[in-house]
Amino acid sequence: MASEWAAIVIGINYYPEYTTLKPLTAAAEDAEKIAEQLEQSGYRPFRAQCLPKTLNQKGESKIDRQGAVKVQELQEAIANLFNPPPPNPIPETALFFFSGHGWCKTVAGKEEVFLATSDVLPDADIYGIPLSWLGEQLQTSQAKRIVVWLDCCYSGELLKFIPTDKDYCLITATRSYETGVEIPHTQGLLTEALLAGLNPENDVDGIINSHKLADLIISRMPNTVQRPLIANSPRAILLTTKFSQKSFQDKCPYRSLSYFTETKEDAEVFYGRRALTQELIQQVREKHRLIAVLGASGSGKSSMLRAGLLYQLKLGQDIPGSDRWTYITPFTPKESPVNSLQEALAHSLPNLSRTPLPSSGVHTSQITPLNPPLESYPL
């Protein structure tokens with residue numbers, strides 16, 4: 001059975017007068033756009049549930065912009081996402097997005113932050129979903145990867161509940177003591193940055209993970225009136241890609257004499273070298289300074305190193321942080337290996353000094369070129 005990626009996307013505009021909360025104008029639309037982005041470009045197809053929901057003609061769950069979300073409804077949805085009862089499958093990646101009101105209240109002498117629903121009743125000390133309860137759901141979840149994005153006031157409180165036994169991506173619009181800002185009928189500041197960061201067209205590799213998303217949000221919101229908080233696990237979580245699963249259908253994956261590249265489009269149809277790829281990853285994990293891969297011409301060295309090793313390292317799934325390493329584009333040494341290396345460095349690291357590389361006492365004219373030439377893969 002294919003692994004399941006599940007998402008619950010919440011956007012609440014409707015807050016009746018008795019809640020004492022002001023109705024919002026953009027929360028529902030923010031959630032709608034997040035759901036669309038996940039469904040259109042998820043690295044794996046997301047099964048997304050929206051609240052408040054309505055169904056379109058295809059039976060798909062969509063945001064009801066004027067609908068209400070009740071406390072019990074939201075609590076059940078969160079519990080079913082992170083801790084579905086048997087025999088329901090546990091999602092491999094579980095994502096929760098909330099846009100609406102958040103508030104900080106003192107209940108029974110204890111200060112608590114809540115995600116406010118449409119039926120909260122302050123006179124009865126009913127304020128919505130406590131972030132402490134959400135934190136418990138994250139900690140006990142059997143999902144391999146947890147993603148939570150909160151676009152609401154006081155949401156930084158969530159970072160007190162970072163899970164300890166799984167990969168995670170927690171992003172909040174504000175600090176725990178800070179209110180958010182709503183510009184009427186305008187996208188939320190955090191949601192705007194999230195959508196830009198999730199767009200795989202903005203990435204050179206066409207793949208967005210939790211680390212890249214964090215970098216973009218930090219760069220886009222340095223001087224905003226509210227400060228987002230981000231907590232990411234060392235190992236990245238894959239989120240979106242510009243390479244659709246459908247793009248691999250009805251295409252012959254055979255490359256003839258060409259090698260498979262380190263792009264997702266090639267790596268997704270590259271088979272037969274998994275064990276060897278994992279062996280190489282282990283060599284890199286153990287920090288071996290030189291790893292040589294030898295084999296006859298046409299035996300698949302280039303494909304295995306590119307679509308196997310390099311692709312997996314750039315995803316950051318096997319070695320925490322490898323998605324943030326600097327990679328030099330694979331190159332052929334040709335007749336002048338030092339010059340070829342310098343060209344590769346200049347291409348991959350344009351800001352690197354253009355000072356000629358030292359030859360270590362060896363002149364390139366003394367190196368006999370091989371025929372066919374070897375390929376070098378600096379890591």
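Visitor: Which residues touch the most other members of the largest nonpolar core?

Guide: In soluble globular proteins, nonpolar side chains tend to be buried together. In this predicted model, the largest nonpolar core holds 50 residues, and Ile34, Trp149, Leu194 and Leu213 touch the most other members.

Visitor: Which helix gives the most to this core?

Guide: Helix α8, spanning residues 301–315, does so with eight residues. Another core, of 43 residues, lies apart from the largest one; Ala94, Trp103, Val113 and Cys153 are among its members.

Visitor: What does Leu213 touch, leaving aside residues up to four places away in sequence?

Guide: With those left aside, Leu213 touches Trp149, Ile171, Leu194, Gly197, Leu198, Ile208 and Leu239.

Visitor: Turning to the surface, which residues make a nonpolar patch there?

Guide: Tyr18, Leu121 and Ile126 make a nonpolar surface patch of about 260 Å². Of these, Tyr18 is placed in the loop between β1 (5–11) and α1 (27–41).

Visitor: Why does Tyr18 count as partly exposed?

Guide: The class covers values from 20% to 50% relative accessible area. Tyr18 counts as partly exposed because its relative accessibility is 46%.

Visitor: How should the sheet of β6, β7 and β8 be read, and what is its strand order?

Guide: The sheet is open, its three strands follow the order β6-β7-β8, and their pairing is antiparallel. Strands β6 (102–107) and β8 (129–130) each have a single partner strand, so one side of each is left without a neighbour in the sheet.

Visitor: How many bridges join β7 to β8?

Guide: Strand β7, residues 110–115, is joined to β8 by two bridges. Phe114 stands opposite Pro130 in β8.

How values were computed. Residues are numbered from 1 along each chain as its sequence is written. This is a predicted model: local features need pLDDT of at least 70, side-chain atom pairs count only at pLDDT 80 or more; totals for chains, interfaces and linings use all residues. Side-chain values use heavy atoms; hydrogens and water are left out. A nonpolar core is a set of buried Ala, Val, Leu, Ile, Met, Phe, Trp, Tyr and Cys residues joined through side-chain atoms within 4.5 Å. Buried means under 20% relative accessible area, exposed over 50%, partly exposed in between (1.4 Å probe, protein chains only). Helices (H or I, at least four residues) and strands (E, at least two) are DSSP runs, numbered from the N terminus. Contact means heavy atoms within 4.5 Å. Patches are made of residues with over 30% relative accessible area and no salt bridge: like charges are joined within 9 Å, nonpolar side chains (Val, Leu, Ile, Met, Phe, Trp, Tyr) within 5 Å. Accessible areas come from the Shrake-Rupley method with a 1.4 Å probe; for residues, only the protein chains shown count as cover. A salt bridge is a side-chain nitrogen of Lys or Arg within 4 Å of a carboxyl oxygen of Asp or Glu. Two strands pair if DSSP finds at least two bridges between them.
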